[in-house]
Amino acid sequence: MKSIFTLLFSVFLMSSLTAQTKQNVDITFDKESLDIGIVKRGEIKTFSYQFTNTGIEDIEIEIVSGCDCTTTDWTVGIIKPGEKGTIDVVFNSTEKEASEMVDVDLYLKNLNPISDAPYLFILDYSFVLEE
């Protein structure tokens with residue numbers, strides 16, 4: 001009898017966990033890493049990251065940042081579940097001396113209830129510098 005109870009409880013627990021697949025805050029990007037190819041020193045490249053709010057809570061972007069070579073613009077305001085947004089990036093290779101991978105950090109105004117810190121998503125792009 002005890003083993004039947006344990007089995008039923010395990011099945012109930014597993015079905016409860018799999019039913020809760022959506023997180024409160026979640027973003028799905030079309031691409032999190034981009035290869036922008038060969039770049040000549042002094043060249044400016046523009047590109048975008050597209051995303052969808054796949055969580056169950058409204059989100060809002062606080063800031064998007066990168067290195068000094070990176071200028072960003074993004075969807076402003078509330079992004080409801082199911083809605084899409086864009087992060088536009090302008091990369092200026094003037095000061096670059098070598099090929100590299102650059103991080104683009106996305107901070108939300110939403111706070112993680114566990115850490116009480118803003119949610120952070122890290123994107124990146126890479127390039128090959130041609131002199």
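## Exercises on a four-strand sheet and a nonpolar core

In strand E6, glycine 85 is the bridge partner of phenylalanine 51. We're working with a predicted model, where local features need pLDDT of at least 70, side-chain atom pairs count only at pLDDT 80 or more, and totals for chains, interfaces and linings use all residues. Numbering starts from 1 along each chain as its sequence is written, and side-chain values use heavy atoms, with hydrogens and water left out.

**Exercise 1.** Work out the strand order of the open sheet.

*Solution.* Strands here are DSSP runs of E, at least two residues, numbered from the N terminus; two of them pair if DSSP finds at least two bridges between them.
- Start with E1 and E3 (residues 44-53): three antiparallel bridges join them. Phenylalanine 29 has phenylalanine 51 as its partner in E3, and threonine 28 sits opposite threonine 52.
- Next, E3 pairs with E6 (residues 84-92) over nine bridges, again antiparallel.
- That fits the full order, E1-E3-E6-E5. E1 (27-29) and E5 (70-74) are the edge strands, each pairing on one side only.

**Exercise 2.** Find which strand gives the most to the largest nonpolar core.

*Solution.* Such a core joins buried (under 20% relative accessible area, 1.4 Å probe, protein chains only) Ala, Val, Leu, Ile, Met, Phe, Trp, Tyr and Cys residues through side-chain atoms within 4.5 Å.
- The largest one has 27 residues, and Tyr49, Ile87 and Tyr125 have the most contacts inside it.
- E8 (118-130) is among the strands supplying at least two residues.
- E8 comes out on top, with six residues.

Methods. Buried means under 20% relative accessible area, exposed over 50%, partly exposed in between (1.4 Å probe, protein chains only).
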